[in-house]
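Let's take a walk through this protein together, beginning with the whole and then stopping at a few chosen spots. Please keep the viewer open as you read.

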Amino acid sequence: MKILVYNNDTNRMETYNRELNDPMPYSKDKYLSVREFRGSSKSDVLWTDKRTMEAFNRLRELYGSPIHVGYAFKRIGEGGHSNMSQHYAGTALDIGQTMSSADRDRIRSIAINNKIFTYVEPKYLTPTWVHVDKRNPNPACSTGGYPLIKQGSKGVYVAVLQDALNTLGYNAGAIDGVFGNNTRNAVIRYQRARGLSQDGIVGCNTWRTLTTQVANSR
């Protein structure tokens, strides 16, 4: 498996090659395997960021016992999620599916009380698992979702963008998480075809249109 990790400390994309049973990059003491992170996704390229891995490490340490991970990563259209799900960015984990309700309650409490993640789904929305994520807190849309990105941006949201553009036939080049000329040109071609402002910037309207079209294409 090829795994892209955005290092939030250095603002660099890192590339790793791992087998399914190997630990994820930055996973401490084999807390999270590639297989667990990938779940049922069919993708042979995965992406996440360092702070997501470190957040799970911290949660696991404070919990003090193994935490079942159902999955973390999905590509757009894989599974019943909103069109701008944080799973597509590799910054979300759905955990505790095989654990008791009391154990899940404890995990939620630890995550919330220690402010480990950006978002912890309320129990009434996910009563049989725990959703946690390290989403970017500055979405381009007022209703939430992904942040505005443009040429020069790096990270998991650029990888989502590149994957989406390539899926629809707008060649953004290899998925590398770096918003360069190829990605910008592909964005402009897509915006032109969809009647959007052709500025090469991926804001709310472009994200909404793009992610909806990809989700409907699978």
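What follows moves from the overall fold to two helices, a loop and a single serine.

A word before we start: this is a predicted model. The protein contains six helices and seven strands. If you trace the chain from its beginning, these elements come in the order β-β-α-β-α-β-β-α-β-β-α-α-α. The radius of gyration is 17 Å, close to the 17 Å that the globule rule gives for 218 residues, so the protein is as compact as a globular protein of that length. Along the principal axes, the C-alpha atoms fill a box of roughly 50 × 35 × 30 Å.

Now for the inside and the outside. Of the 218 residues, 49% count as buried. Among contacts with a separation of 6 or more, 55% are made by residues 24 or more positions apart. On the outside, the protein exposes about 9900 Å², and carbon and sulfur atoms supply 44% of that area. As for charge, there are 29 positive and 19 negative side chains. The centres of these two sets lie 4 Å apart.

Let's stop first at helix α2, which covers residues 50–63. At 1.5 Å a residue, its 14 residues should span 20 Å, and the end C-alpha atoms are indeed 20 Å apart, so expectation and model agree. Which residues of α2 are buried? They are Lys50, Thr52, Met53, Ala55, Phe56, Asn57, Leu59, Arg60 and Tyr63. The elements that cover them include the strands β1 (2–7), β3 (45–49), β4 (69–71) and β5 (92–95), along with the helices α1 (34–38) and α3 (101–113). Just after α2 you will find Gly64, with a positive phi of about 85°.

Helix α5 can be read in the same way. This helix takes in residues 181–193, and its 13 residues should span 18 Å at 1.5 Å a residue; the end C-alpha atoms are 18 Å apart, which agrees. Here the buried residues are Thr183, Ala186, Val187, Ile188, Tyr190 and Gln191. Their cover includes two helices, α4 (156–167) and α6 (204–217). Just after α5 comes Gly195, which takes a positive phi of about 70°.

Next, have a look at the loop between β2 and α1, where Asp29 sits. Asp29 has a positive phi of about 50° although it is not a glycine. Is this residue buried or exposed? Asp29 has 58% relative accessibility, and the cut-off for exposed is over 50%, so Asp29 counts as exposed. Lys30 is found in the loop between β2 and α1 too, and has a positive phi of about 60°, again without being a glycine. With a relative accessible area of 68%, Lys30 is exposed.

Ser33 also has its place in the loop between β2 (12–17) and α1. Its relative accessible area is 15%, so Ser33 is buried, the limit being under 20%. Leaving aside residues up to four places away in sequence, Ser33 touches Leu20, Asn21, Asp22, Pro23 and Met24.

Our last stop is Ser101, in helix α3. At 34% relative accessibility, this serine counts as partly exposed. Try selecting Ser101 together with Trp129: they are 28 residues apart in sequence, and their C-alpha atoms are 8.5 Å apart in space.

Note on methods:
Residues numbered from 1 in each chain as written. Predicted model: local features only at pLDDT ≥ 70, side-chain atom pairs only at ≥ 80, totals over all residues. Heavy atoms only, no water. Helix = DSSP H or I, 4+ residues; strand = E, 2+ residues; numbered from the N terminus. Rg over C-alpha atoms; globule rule 2.2 N^0.38 Å. Buried < 20%, exposed > 50% of the residue type's maximum accessible area, 1.4 Å probe, protein only. Contact = heavy atoms within 4.5 Å. Areas by Shrake-Rupley, 256 points an atom, 1.4 Å probe, with all protein chains shown as cover. Lys, Arg positive; Asp, Glu negative; His and termini not counted. Charge placed at Lys NZ, Arg CZ, Asp CG, Glu CD. Expected span 1.5 Å × (residues − 1).
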